[in-house]
Amino acid sequence: MLVAEILKDKGDAVYAIAPGLSLAEACGELERRRVGALIVCQDDRVVGVLSERDVVRAVAREGAAGLTRPVSDFMTGDVVFAAPAETVSILMERMTDRRIRHLPVLAGGRLAGVISIGDVVKCQIAEATHEAESLRTYIAAG
């Protein structure tokens, strides 16, 4: 399955925040949106990703004082992207190798959505289930 197909099914909603937002405000946004990461944008450009892991690391290093600092101090700035024409297996490999759970999707240089590890796993389970059902049908017909 392709990234474009996943986005078609799940939607293209992207929850973005500004790099100057405080970490505490970003935590509130993570909670409100019920997501594990937010895309950090400056104007129309992706400049980072803030994940729950980034928040935990910030609090572990800085304590509660870290919550008053800007997201830009703790976000992952080396953003790894996905493209609509990439396959789920390519994404799984990239996510595993880089130890990341969220990939912003760029289409024509514009942010087109976000794919999470949960989306990838859900897709792989659906494909395995479909394959197993096809095999059962083939065996039963034989």
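Here is a short tour of this structure, stop by stop, with something to select at each one.

**Before you start**

This is a predicted model, in which local features need pLDDT of at least 70, side-chain atom pairs count only at pLDDT 80 or more, and totals for chains, interfaces and linings use all residues. Residues are numbered from 1 along each chain as its sequence is written, and side-chain values use heavy atoms, with hydrogens and water left out.

**Stop 1: the whole chain**

Show the whole chain as a cartoon. You should find five helices and five strands, where helices (H or I, at least four residues) and strands (E, at least two) are DSSP runs numbered from the N terminus. Going along from the N terminus, the order is α-β-α-β-β-α-α-β-β-α. The C-alpha trace spans about 65 × 35 × 30 Å along its principal axes. Of the 142 residues, 34% are buried (buried means under 20% relative accessible area, with a 1.4 Å probe and protein chains only).

**Stop 2: the three-stranded sheet**

Select 16-17, 37-42 and 45-51. These strands make an open sheet in the order E1-E2-E3, with mixed pairing; two strands pair if DSSP finds at least two bridges between them. E1 (16-17) and E3 (45-51) are at the edges with a single partner strand each, so one side of each has no neighbour in the sheet. Zoom in on E1 and E2 (residues 37-42), which pair in the parallel sense over two bridges. Ile17 sits opposite Val40 in E2.

Now add helix H2 (residues 23-33), which packs on the sheet and touches E1, E2 and E3. Its direction makes about 125° with that of E2 (axes are lines fitted to C-alpha atoms, for helices over the stretch in contact, and angles run from 0 to 180 degrees between N-to-C directions).

**Stop 3: Ser51**

Which strand holds Ser51? Ser51 is found in E3. Ser51 is buried, with a relative accessible area of 14%. Leaving aside neighbours within four places in sequence, Ser51 is in contact with Gly36 and Ala37 (contact means heavy atoms within 4.5 Å).

**Stop 4: the pocket**

Keep Ser51 on screen and add Thr76, Arg99, Ile100 and Arg101: of the 14 residues lining the largest pocket, these five are the closest to its centre. On a 1 Å grid over the protein atoms alone, a pocket is an open set of points where a 1.4 Å probe fits, with protein on both sides within 12 Å along at least five of seven lines; lining residues have an atom within 4 Å of a point. About 300 Å³ of space lies in this pocket. Helix H3 (52-62) and E3 each supply at least two residues of the lining, and H3 gives the largest share, three residues.

**Stop 5: the hairpin**

Move to E4 and strand E5 (residues 110-116), which run antiparallel and are joined by six bridges. Ala107 has Arg110 in E5 as its bridge partner. Two residues lie between the strands of this hairpin, where Gly108 takes a positive phi near 60°.

**Stop 6: the cores**

Finally, show Val3, Leu91, Leu103, Val105, Ile115 and Val120 as sticks: they have the most contacts inside the largest nonpolar core, which has 14 residues. Such a core is a set of buried Ala, Val, Leu, Ile, Met, Phe, Trp, Tyr and Cys residues joined through side-chain atoms within 4.5 Å. The elements giving two or more residues to this core are helix H1 (3-10), helix H4 (88-98), strand E4 (102-107) and helix H5 (117-141). H4 gives the most, with four residues. For a last look, select Val47, Ala58, Val71 and Met75, which are among the 13 residues of a second, separate core.

How values were computed
Buried < 20%, exposed > 50% of the residue type's maximum accessible area, 1.4 Å probe, protein only. Points joined across faces, edges and corners; volume = space filled by probe spheres on them.
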